[in-house]
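I opened the model to look up its largest pocket, the ligand and a few backbone angles. My entries follow the structure.

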Amino acid sequence: MTALKNIAIFASGAGSNAQKIIDHFRRSEAITVKIILCNKPGAGVLDIAARENIPSVIIEKEAFFRSEEYVQLLQRNNIDLIVLAGFLWKVPSNLVAAFPDKIINIHPALLPKFGGKGMYGNFVHTAVIAAGETESGITIHFVNDHYDEGRIILQERCTIDANDTPDTLAQKIHALEHRFYPAIVERLLT
Ligand code: GRF
């Protein structure tokens, strides 16, 4: 029996990606979502954690950026992969260093374009449409010390039609995220 692989999900928002990942591993004997960390009290992802009986932690900003508290928490939980799913803070260097090539993120655009600080949610889709792009997509990448710049693992594309709005594009992007992120997490852990 191989050891159970433990996932920690970091999220700030609704948690639709977290839900899809939880669903994907629900019946797995080998992989489990062990803990959910969130920096926004009241975020939807916390309701998901409660409903799924997954322990959740509200991240305290000072401790997150100035202590080893969260590194130690993740190590104590034997976390094998940290999955950012709509986590809006930059991951501090001590965490990146403690989990080399074990932190991944999903960005709702085709990096390196339309990435970096402040580029999240509909800000991204608005910028992509305003730039006249004919396609957009998702980028799943390893996290390093710079926003949205780690080694790319997967990119998937969708078309942008003339009548697309940031909201309709967001729907296309979410569909890609929900379809591909769980499978990439599984691939990295097996
Ligand atoms: C997704 O669009 C993801 O690409 C980005 O943040 C959003 C998270 O959405 N990183 P949700 O909270 O998983 O619904």
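**Pocket**

I looked up the largest pocket first and found about 790 Å³ of space in it. A pocket here is an open set of points on a 1 Å grid over the protein atoms alone, where a 1.4 Å probe fits, with protein on both sides within 12 Å along at least five of seven lines. The volume is the space filled by probe spheres set on the points, which are joined across faces, edges and corners. The lining of this pocket counts 38 residues, and Gly 86, Phe 87, Leu 88, Tyr 120 and Gly 121 are the closest to its centre; lining residues have an atom within 4 Å of a point.

This is a predicted model, in which local features need pLDDT of at least 70 and side-chain atom pairs pLDDT 80 or more, while totals for chains, interfaces and linings use all residues. Residues are numbered from 1 along each chain as its sequence is written, and side-chain values use heavy atoms, with hydrogens and water left out.

I then noted which elements take part: α1 (16-24), β5 (103-107), α6 (122-130) and α7 (166-189) each supply at least two residues of the lining of the largest pocket. Helices (H or I, at least four residues) and strands (E, at least two) are DSSP runs, numbered from the N terminus. The most comes from α7, with 4 residues.

**Ligand**

Where does the ligand sit? I found the ligand in the largest pocket, a placement that requires more than half of its atoms to lie within 2 Å of the grid points. The residues around the ligand (a heavy atom within 4 Å) include Gly 13, Ala 14, Asn 17, Pro 108 and His 174.

I listed three polar contacts, pairs of N or O atoms within 3.5 Å. A side-chain N or O atom of Ser 16 is 2.5 Å from an oxygen atom of the ligand. For Ile 106, a backbone N or O atom lies 2.9 Å from a ligand nitrogen atom. In Glu 177, a side-chain N or O atom is 2.3 Å from an oxygen atom of the ligand. I also noted that α1 and α7 are the elements that give two or more residues to the shell around the ligand.

**Backbone**

I checked the loop between β5 and α6, where Pro 112 lies. The peptide bond from Leu 111 to Pro 112 is cis, with omega near 10°. Phe 114 lies in the loop between β5 and α6, and its phi is positive, near 55°.

Notes. A polar contact is a pair of N or O atoms within 3.5 Å; within protein, one must be able to donate a hydrogen and the other to accept it, and residues adjacent in sequence count only if both atoms are side-chain atoms.
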